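Reader: I would like a close look at one loop residue with an unusual backbone. Please begin there, then work outwards to the rest of the model. Keep it brisk.

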Amino acid sequence: MADPNLPFSRRIFLQQGVTLASLVSTIPWFLQHSALGVLSQQSTRTGSTPGVPEDRVLVVVQLGGGNDGLNTIVPYGDDAYYRARPTLAIASPERAGSSPVLIADAGAGLGLHPNLGGLKALLDDGRLSIVQGVGYPNPNRSHFASMDIWQTARTDAKGAGWIGRYVDCTCSGTPDPEGVISIGRTAPLALVGERSTPVSFENAQLFRWMGADVDPALEPTYEQMTRAGEIDGVAPGSQQAFLMRTALDAQLSSDRIRDALRGSPLVRYPTTTLARQMQAIGAMIRAGMRTRVYYASIGGFDTHAGQANAHGQRLREVGDALKAFQDDLVAQGNDTRVLTMVFSEFGRRVRQNASGGTDHGTAAPMFLIGPMVKAGVVGTHPSLTDLDSGDLKFTTDFRSVYASVLDDWMRAPAGKVLGGSYPKAKVLRS
Amino acid sequence: MPDPSLAPIPRERWGRAAASHLLVRAGFGGTPEQVDALAAMRPADAVDCLIEYEGIATDPTPDDLFDATIRRPLSDDERATLARARRDGDEGVLERFQRERTTRDMQDRDQLVSMRQWWLKRMIETGRPLEEKMTLFWHGHFATGWRTVEDSYHMYLQNRMMRTHATGDFADLAYRIIRDPAMLRYLDNNRSRRGQPNENLARELMELFVLGEGRGYTERDIKEAARALTGFTFEDDSFVFDGRAHDDGRKSILGKDGPFDGDDLVKILLSRPECSEFICGKLHRFFVDDGPAAPDPDARVAVTRLAELMRRERYRLKPVLRTLFLSRHFHDPAYRGSVVKSPVQLVVQTIRQLGTPPRELATLSSALELMGQSLFQPPSVKGWDGGRAWINTSTLFIRQNTAVYLLTGRLPESGMWATDPSPWADGPLGRAVAARAREGSTDAAADAALELCLSVDPVPARREQFRAFVRALGGPLAGERLIRALCMATALPEYQLC
């Protein structure tokens with residue numbers, strides 16, 4: 001990997017060799033293969049140059065449970081929609097009284113759910129791309145199987161996560177401990193590579209060892225043991241090796257992240273779960289951390305029953321949080337280097353069910369947000385009458401979106417990361 | 001390569017290490033004295049100590065321990081009053097009902113909090129560790145979450161059912177789970193009706209509960225199975241079969257045709273060989289090896305043999321568990337430290353093995369949540385992934401800090417110190433360290449402390465680090481010095497394995 005545009009390239013390693021030497025002398029147990037971890041700790045202090053690829057950031061937002069795409073991007077111009085959704089349909093703009101859709105593309109008869117005012121503002125500002133009918137062949141309607149497919153970018157759902165593979169592919173040596181950060185209790189599969197593991201936390205204040213509070217004299221030994229990483233004699237790939245590596249990563253990440261989250265944001269965020277996650281991501285971007293990918297997620301989209309209220313609330317949370325995040329990035333002057341991508345594991349069945357909800361379906365829209373996206377509605381909306389056993393037929397493979405994000409935004413070898421070649425979806429401005 | 005044989009471990013390989021391995025995996029570990037007691041028995045007797053637990057007394061749970069009435073449905077009178085108030089727009093009455101509901105919501109949440117602590121306490125104190133461990137296994141297997149069920153008492157009834165049948169008979173559990181109010185509500189089967197079947201329970205029965213994902217069934221089988229399950233619902237706290245909601249037409253499931261109902265469906269699923277293989281695979285992952293490459297080819301052989309045994313035993317669990325726990329396979333040294341401690345295992349084992357005070361159950365319960373294992377609230381119907389999924393850079397800190405809390409009473413956030421009325425560190429653990437370091441060497445004491453804490457044999461470099469640390473403590477490894485050494489030992493990455 002000699003490409004100077006890639007992160008964690010040899011070039012960076014050599015430039016900072018001097019720093020490494022001085023650190024090694026204070027950390028006797030420090031071993032060579034964790035060298036880059038310490039290097040990156042230093043480099044967070046260095047300024048970043050906006051516009052160059054190694055500065056580019058991807059933020060992934062996962063809507064867990066299967067978001068009802070048809071009530072998110074509403075085909076209000078299609079009578080079939082109103083026939084299939086007698087009580088759940090969102091009113092068309094002409095219907096006075098009830099809250100109608102927000103028009104996204106009048107010509108195509110497409111609108112946003114009325115609670116998505118945040119996204120509507122981004123759309124009008126040329127910062128929102130709506131990719132229609134995203135899915136994959138032979139759709140799996142199990143949450144877990146389909147989520148694994150999206151996260152591994154493989155229809156057999158085997159192996160490492162696609163972002164994990166991206167990190168594996170683009171770094172030489174040990175991955176940056178904070179190359180990828182997930183906010184939440186557990187790290188999603190998408191972020192777990194063969195060699196790279198993400199940082200993941202829910203509360204940054206508990207992100208350190210408290211043993212040194214018992215007796216400060218314990219600290220040096222603790223540091224020595226955790227910074228040792230995988231020590232000699234431990235079988236590579238074993239449970240022990242995995243834990244030793246994770247302990248090292250944890251130690252290195254702790255200070256930087258707690259530092260980054262101390263300040264208050266430049267804009268006002270809502271107080272919802274997703275908004276808190278986006279606020280933390282905004283703070284870490286502002287602090288100039290080297291993280292290339294951030295991951296946020298909310299659940300609650302599995303609306304089998306009584307969908308109308310619950311889904312509306314979730315959408316409001318999503319739209320408002322993403323709008324505040326974009327405003328924050330603009331205020332920071334970082335919006336041009338951050339691309340946000342929103343997905344769910346599947347959409348829902350076209351016809352509503354008897355419990356006032358919708359069952360697991362197939363294709364659904366994805367969102368890409370930022371000034372670099374090709375704004376507006378992208379791709380073809382699936383037909384509501386030409387169905388596959390009651391479900392939409394996808395018109396864009398999700399890996400075409402990934403390919404575009406990897407290749408055009410992250411400047412990573414999409415074919416290698418995805419293990420196959422997919423035509424790039426036209427989601428970014430050329 | 002691990003030994004795939006299910007033949008019993010020979011007597012000459014039985015000893016302290018094997019007994020400790022058994023006690024940790026089939027339970028939550030124990031004090032040095034308990035390990036020595038098991039090591040002194042014949043292997044088969046030691047295994048029976050854990051499996052044949054019915055003779056061991058437990059605290060009976062009084063019938064009124066938890067309130068069954070928090071979520072009781074409205075009476076006919078109340079329903080009529082409410083309907084009248086809605087019709088007449090009687091705001092006062094409507095508000096009273098609303099307040100009542102909010103109160104009940106709070107009571108139910110509070111009751112769930114007590115239930116979490118009650119179960120955790122039970123695991124810490126029980127004389128039947130395998131009973132609790134298998135109850136935890138079934139909770140993760142037939143995963144059901146309170147937030148969806150919205151009835152803590154139903155969660156309790158399910159927990160009691162799983163405990164009663166923890167080591168009984170898998171077929172029995174499968175028939176009971178499709179009658180379990182919490183599960184029926186969790187997977188929406190109470191809303192499934194003839195003509196409008198809800199596929200949720202049918203899908204998970206095949207994918208997650210009985211056959212395993214992708215094992216020989218199709219989407220069509222799921223749709224048909226959903227029809228069979230229509231009418232399986234509950235009223236108040238009990239299962240009822242609603243004949244009006246049931247679809248009694250013919251169904252075609254996994255190549256069989258008939259006017260099947262839920263019981264027929266379970267029977268069809270249990271007749272498939274995939275079932276025993278799936279369940280034995282999960283037991284193997286839970287008890288033997290949860291690494292990412294598990295099961296390796298030799299372990300797969302062992303799982304296949306175990307599945308054959310399960311079929312011969314018609315899904316009775318005790319013979320399967322007994323064979324596994326006694327086997328050369330289970331005791332292969334390659335499996336020392338091959339399982340990542342679940343958060344529950346971490347907490348309960350630290351208390352039972354090191355002998356720390358249990359501290360505050362409320363604190364431990366929230367620590368479990370932060371470590372990713374809220375009892376009665378698994379992340380999804382898939383249960384907890386387990387293995388390496390427990391560990392990330394943040395849960396690792398919380399795990400280490402929870403151990404510091406148990407050892408010292410120090411709460412991470414408040415900086416408060418507990419005053420320990422009795423110097424617990426000089427109890428069984430301290431005595432064992434002292435006994436094993438009789439020759440007076442500090443290094444021997446350090447080695448003893450490591451051995452009593454870790455399931456793996458630490459690599460030489462690690463052992464040397466730890467010995468140097470203990471030497472620097474400057475004095476016999478007892479009292480406060482021992483607690484400091486344990487803080488360090490429990491912060492080792494190796495401590496997360498069992």
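Author: Start with B:Arg359, in the loop of chain B that runs between α17 (343–354) and α18 (361–370). The model is predicted, so every value here is computed from predicted coordinates. The phi of B:Arg359 is positive, about 60 degrees, although the residue is not a glycine. Is B:Arg359 buried or exposed? Count its surroundings: 21 other C-beta atoms lie within 10 Å. The cut-off for a buried residue is 20 or more. B:Arg359 therefore counts as buried.

Move along chain B to B:Phe376. This residue sits in the loop between α18 and α19 (393–408). B:Phe376 is not a glycine, yet its phi is positive, at about 65 degrees. With 21 other C-beta atoms within 10 Å, B:Phe376 is buried. So α18 has B:Arg359 in the loop between α17 and α18, and B:Phe376 in the loop between α18 and α19.

Another backbone feature of chain B is a cis peptide bond. B:Ala294 and B:Pro295 are joined by it, with omega at about -5 degrees. B:Pro295 is placed in the loop between α14 (273–287) and α15 (297–312) of chain B.

Now the chain around these loops. Chain B is built with 23 helices and four strands. Its C-alpha trace spans about 85 × 60 × 40 Å along the principal axes. What radius of gyration does chain B have? The value is 25 Å. A compact globule of 498 residues would be near 23 Å, so chain B agrees with that expectation. Buried residues account for 51% of the chain. Among contacts in chain B with a separation of 6 or more, 73% link residues 24 or more positions apart.

Next, the domains of chain B. The assignment gives domain 1 (11–51) and domain 2 (424–496). Their C-alpha centres are 22 Å apart. Four residues of domain 1 and five residues of domain 2 form the contact. On the domain 1 side, two of those residues are nonpolar, one is polar and one is charged.

Then the packing. The largest nonpolar core holds 263 residues. Chain A is represented among its best-connected members by A:Leu58 and A:Met278. From chain B come B:Ala225, B:Val433, B:Ala449 and B:Leu486. The largest share of this core, nine residues, is given by α10(A). Domain 1 and domain 2 of chain B each give at least three residues to this core. Take B:Ala449 as one of the hubs. Beyond neighbours within four places in sequence, B:Ala449 touches B:Val433, B:Leu477, B:Ala485, B:Leu486 and B:Ala489.

The interface comes next. Chain A puts 46 residues in contact with 49 residues of chain B. On the chain A side, the elements giving two or more residues are α6 (143–152), β7 (199–201), α8 (211–214), α9 (219–227) and α10 (239–260). The largest share, ten residues, belongs to α10(A). By class, the chain A side has 22 nonpolar, 16 polar and eight charged residues. α10(A) thus gives the largest share of the chain A side of the interface, and the largest share of the biggest nonpolar core.

Finish in chain A, with a three-stranded sheet. The sheet is open and antiparallel, in the order β2-β4-β3. The edge strands are β2 (73–74) and β3, each with a single partner, so one side of each has no neighbour in the sheet. Two bridges tie β2(A) to β4 (residues 110–112), and the pair runs antiparallel. In that pairing A:Ile73 faces A:Leu112 of β4(A).

A:Asp105 belongs to strand β3 (residues 102–105) of chain A. A:Asp105 is partly exposed, with 17 other C-beta atoms within 10 Å. Setting aside neighbours within four places in sequence, A:Asp105 contacts A:Leu110, A:Gly376 and A:Val377. A:Pro75 is 30 residues from A:Asp105 in sequence, and their C-alpha atoms are 9.7 Å apart.

Note on methods: Residues are numbered from 1 along each chain as its sequence is written. Chains are lettered from A and ligands numbered from 1 in the order in which they are written. This is a predicted model: local features need pLDDT of at least 70, side-chain atom pairs count only at pLDDT 80 or more; totals for chains, interfaces and linings use all residues. Two residues are in contact if their C-beta atoms, placed from the backbone, lie within 7 Å. Ala, Val, Leu, Ile, Met, Phe, Trp, Tyr, Cys and Pro count as nonpolar, Asp, Glu, Lys and Arg as charged, and the others, Gly among them, as polar. The radius of gyration is taken over C-alpha atoms; the globule rule is 2.2 Å times the number of residues to the power 0.38. A residue is buried if 20 or more other C-beta atoms lie within 10 Å of its own, exposed if 12 or fewer, and partly exposed in between; C-beta atoms are placed from the backbone. A nonpolar core is a set of buried Ala, Val, Leu, Ile, Met, Phe, Trp, Tyr and Cys residues joined through C-beta atoms within 7 Å. Domain bounds come from an automatic or database domain assignment. Two strands pair if DSSP finds at least two bridges between them.
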